Amino acid sequence: LFSPERSTTTYLINYDKEVVHTWGSNYTPGHSSYLLENGHLLRPAFIGVHPVFLSGGMGGGVQEIDWDGTIVWDFKYSNDTYLSHHDIQHLPNGNVLLIAWETKNYTEAIAAGRNPGLLNIFGIWPDHVIEIKPTGLTSGDIVWEWHVWDHLVQDYDETKENYGVVANHPELIDINYGSASADW
């Protein structure tokens with residue numbers, strides 16, 4: 001099962017490299033495709049270039065398509081402050097996990113203890129994970145979420161609330177780890 005990066009078609013082939021089935025979409029894929037037990041295709045969708053999150057892996061949506069090619073779920077997770085990216089995970093209860101960026105501007109990053117030398121004009125894009133329960137053709141309820149931003153530690157600015165010895169907090173994420181890329 002694969003979805004070529006610049007194609008709106010997903011292919012299921014057999015071991016003899018023969019096409020067994022295809023699914024069409026209005027969108028190019030994210031970076032994965034999954035065949036569900038009911039024969040439906042579930043895949044992240046690249047819904048178009050985003051004005052804020054300009055990086056590889058942009059997505060913004062997820063689609064479930066039945067065996068006959070009918071879109072049964074076409075969910076978008078994209079606005080000016082967040083964008084789903086790269087991959088998804090179908091859960092046994094029928095819900096779907098999405099990973100997404102959320103934007104934090106320069107001021108928010110500094111307030112959280114980010115070293116200004118590790119920032120650029122785009123601020124910082126920490127990840128979050130959401131669990132979506134499909135509720136209709138284009139709708140879904142967020143039933144659970146986890147945000148990196150809620151689990152930070154830093155040893156750069158002792159005046160900040162999350163100041164601490166990074167090595168003493170393996171359960172937290174060092175906001176100053178990495179480079180000056182916004183895609184943190």
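Begin by selecting Glu5, Arg6, Thr28, Pro29, Gly30, His31, Phe46, Ser55, Gly56, Gly57 and Met58, which together line the largest pocket of what is a predicted model. The space inside this largest pocket comes to about 200 Å³. If you colour the lining by residue class, three of its residues come out as nonpolar, six as polar and two as charged.

Now zoom out and show the whole chain as a cartoon. The protein has 184 residues, of which 41% count as buried, and its C-alpha trace spans about 60 × 30 × 30 Å along the principal axes. The secondary structure consists of one helix and 13 strands, and if you follow the cartoon along the sequence, the order of elements reads β-β-β-β-β-β-β-β-β-α-β-β-β-β. Among the contacts with a separation of 6 or more, 46% join residues that lie 24 or more positions apart.

Next, select residues 9–13 and residues 19–24, that is, strand E1 and strand E2, which pair in the antiparallel sense over five bridges. Within this pairing, Ile13 of the chain stands opposite Val19 in E2. Five residues lie between the two strands of this hairpin, and in the turn you can pick out Lys17, whose phi is positive at about 65°.

From the hairpin, move to the largest nonpolar core by selecting Leu36, Leu42, Val62, Trp73, Phe75, Tyr77, Ile88, Val96, Leu98, Ala100, Ile130 and Ile132, a set of 12 residues. At least two residues of this core are supplied by each of strand E7 (71–76), strand E9 (96–102) and strand E10 (127–134). E9 gives the largest share of the core, with three residues.

Stay in this core and centre the view on Val96, which has its place in strand E9. Why does Val96 count as buried? Val96 has a relative accessible area of 1%, and it is classed as buried because that value falls under the cut-off of 20%. Displaying the surroundings of Val96, and leaving aside neighbours within four places in sequence, you will find contacts with Leu42, Trp73, Ile88, Gln89, His90, Ile130, Glu131 and Ile132. For a sense of scale, draw a C-alpha to C-alpha distance from Val96 to Leu172, two residues that are 76 apart in sequence and 25 Å apart in space.

One of the contacts of Val96 is Ile132, which makes a natural next selection. Again setting aside neighbours within four places in sequence, Ile132 is in contact with Trp73, Phe75, Asn95, Val96, Leu98, Gly140, Asp141 and Ile142. A second core, separate from the one just visited, has eight residues, including Ala112, Leu119, Val148 and Trp149.

The last stop is His147, which is found in strand E11, residues 140–147. Is His147 buried or exposed? With a relative accessibility of 14%, His147 counts as buried, because the value is under 20%. Not counting residues up to four places away in sequence, His147 touches Glu102, Asp127 and His128. To finish, draw the C-alpha to C-alpha distance between His147 and Asp127, which are 20 residues apart in sequence and 6.5 Å apart in space.

Notes. Residues are numbered from 1 along each chain as its sequence is written. This is a predicted model: local features need pLDDT of at least 70, side-chain atom pairs count only at pLDDT 80 or more; totals for chains, interfaces and linings use all residues. Side-chain values use heavy atoms; hydrogens and water are left out. On a 1 Å grid over the protein atoms alone, a cavity is a set of points where a 1.4 Å probe fits but cannot get out, and a pocket is an open set with protein on both sides within 12 Å along at least five of seven lines; lining residues have an atom within 4 Å of a point. Grid points are joined across faces, edges and corners, and a volume is the space filled by probe spheres set on the points. Ala, Val, Leu, Ile, Met, Phe, Trp, Tyr, Cys and Pro count as nonpolar, Asp, Glu, Lys and Arg as charged, and the others, Gly among them, as polar. A nonpolar core is a set of buried Ala, Val, Leu, Ile, Met, Phe, Trp, Tyr and Cys residues joined through side-chain atoms within 4.5 Å. Buried means under 20% relative accessible area, exposed over 50%, partly exposed in between (1.4 Å probe, protein chains only). Helices (H or I, at least four residues) and strands (E, at least two) are DSSP runs, numbered from the N terminus. Contact means heavy atoms within 4.5 Å. Two strands pair if DSSP finds at least two bridges between them.
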